[in-house]
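Trainee: Could you show me how to read a protein structure, one feature at a time?

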Amino acid sequence: FPQVPVQYAARYIVNEGGAETAKSVWASGNRMRIDISDGLGGYFSLYFLGNRAYSCAKPAQAASCFDVSDRSSVKPEEVLPCQYLEGSERAEDVDIGGTTGKCYLQPYGIFGKRKICCTERGVLAYDEYNQTSGKTHVEYLTSISYSVSESDFLLPSEPQNAPRE
């Protein structure tokens with residue numbers, strides 16, 4: 001996993017075609033954890049810890065984790081878009097919690113554009129693009145802290161080998 005420019009813990013609201021969910025991200029060095037809430041008190045998590053990747057789910061009570069290092073197809077530009085702005089067109093600046101965020105437009109899909117806004121420290125603050133058949137993905141930052149703890153990167157259960165297809 002690539003190095004992140006600054007350690008942070010951030011919370012987002014993600015809206016995909018009218019369905020809203022909460023997303024939390026913790027990042028430090030070459031480690032990142034992404035939690036997506038299921039809206040029922042459980043979550044789905046992806047952990048990138050150096051050169052290993054884990055997928056964890058915690059439905060109601062018990063968590064389970066799988067080592068998906070050899071199957072992970074996540075591209076760094078998907079989870080760290082503010083570090084991959086080559087070919088982007090500068091857009092307007094926006095207010096992000098009292099600081100100025102810089103926005104960019106990138107080609108996306110065949111005819112689309114992806115709008116990405118970043119905090120002054122290079123953390124994603126806003127992301128918008130068309131998914132499929134008129135559905136739009138909109139993700140925006142609701143809170144950020146520029147510190148994390150070691151416990152943020154501990155897997156909730158002992159990882160198992162991912163089942164083979």
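Mentor: We will go through disulfides, salt bridges, a cavity and a pocket. Please keep in mind that this is a predicted model.

Trainee: Let's begin with disulfides. What is a disulfide, in general?

Mentor: A disulfide is a covalent bond between the sulfur atoms of two cysteines.

Trainee: How many disulfides does the structure hold?

Mentor: There are 3 disulfides here. Try finding C56 and C65 on your screen: their sulfur atoms sit 2.1 Å apart and form one of these links.

Trainee: Is the link of C56 and C65 right-handed or left-handed?

Mentor: That link is right-handed, with 115° about the S-S bond.

Trainee: And why does C65 count as buried?

Mentor: The cut-off helps here: buried means under 20% relative accessible area. C65 has 0% relative accessibility, so C65 counts as buried. The partner C56 is buried too, because its relative accessible area is 1%.

Trainee: Which cysteine does a disulfide join to C82?

Mentor: The partner of C82 is C118, at 2.0 Å from S to S. This pair links distant parts of the chain, 36 residues apart: C82 is in the loop between α1 (76-79) and β7 (89-96), while C118 is in strand β9 (residues 112-118). The link of C82 and C118 is left-handed, with -100° about the S-S bond. Both C82 and C118 are buried.

Trainee: What about C103 and C117: how far apart are their sulfur atoms?

Mentor: The sulfur atoms of C103 and C117 are 2.0 Å apart, and the two cysteines form a disulfide. Because C103 is in strand β8 (residues 99-108) and C117 in strand β9, the pair ties together parts that are 14 residues apart in sequence. The link of C103 and C117 is right-handed, with 105° about the S-S bond. C103 counts as buried at 0% relative accessibility, and C117 is buried with a relative accessible area of 2%.

Trainee: Which pattern do the disulfides of the chain follow?

Mentor: Count the bonded cysteines along the chain, and the pattern reads 1-2, 3-6, 4-5.

Trainee: Now for salt bridges. What should I look for?

Mentor: Look for a side-chain nitrogen of Lys or Arg within 4 Å of a carboxyl oxygen of Asp or Glu. Searching the whole structure gives 8 salt bridges. In one of them, the side chains of R31 and E150 meet at 2.9 Å, N to O.

Trainee: Where do R31 and E150 lie?

Mentor: R31 is in strand β3 (residues 31-37) and E150 is in the loop between β11 (136-145) and β12 (159-161), so this salt bridge ties together parts that are 119 residues apart in sequence. E150 counts as exposed, at 55% relative accessibility.

Trainee: What does E89 form with K113?

Mentor: E89 and K113 form a salt bridge, with their closest N and O atoms 3.7 Å apart. E89 belongs to strand β7 and K113 to strand β9, so the pair ties together parts that are 24 residues apart in sequence. E89 is partly exposed, with a relative accessible area of 42%, and K113 counts as partly exposed at 46% relative accessibility.

Mentor: You can also look at R90 and D93, a salt bridge whose closest N and O atoms are 2.8 Å apart. R90 is partly exposed at a relative accessible area of 40%, and D93 is partly exposed at 41%.

Trainee: How do people find empty space in a structure?

Mentor: Rolling a probe the size of a water molecule over the atoms shows where empty space is left.

Trainee: How many cavities of 30 Å³ or more does the structure hold?

Mentor: The structure has 1 cavity of 30 Å³ or more. The largest cavity holds about 50 Å³ of space. Its lining includes P5, Y8, L80, C82 and L124. By class, the lining of the largest cavity has 9 nonpolar residues, 2 polar and no charged.

Trainee: And how much space lies in the largest pocket?

Mentor: About 460 Å³ lies in the largest pocket. Of the 25 residues lining this pocket, K23, I34, E78, V79 and E139 lie nearest its centre. Among the elements that give two or more residues to the lining are β1 (8-16), β3 and α1. The lining of the largest pocket divides into 16 nonpolar, 3 polar and 6 charged residues.

How values were computed:
Residues numbered from 1 in each chain as written. Predicted model: local features only at pLDDT ≥ 70, side-chain atom pairs only at ≥ 80, totals over all residues. Heavy atoms only, no water. Disulfide = S-S within 2.5 Å. Buried < 20%, exposed > 50% of the residue type's maximum accessible area, 1.4 Å probe, protein only. Helix = DSSP H or I, 4+ residues; strand = E, 2+ residues; numbered from the N terminus. 1 Å grid on protein atoms, 1.4 Å probe; cavity = no way out; pocket = protein on both sides within 12 Å on 5 of 7 lines; lining within 4 Å. Points joined across faces, edges and corners; volume = space filled by probe spheres on them. Nonpolar A, V, L, I, M, F, W, Y, C, P; charged D, E, K, R; others polar.
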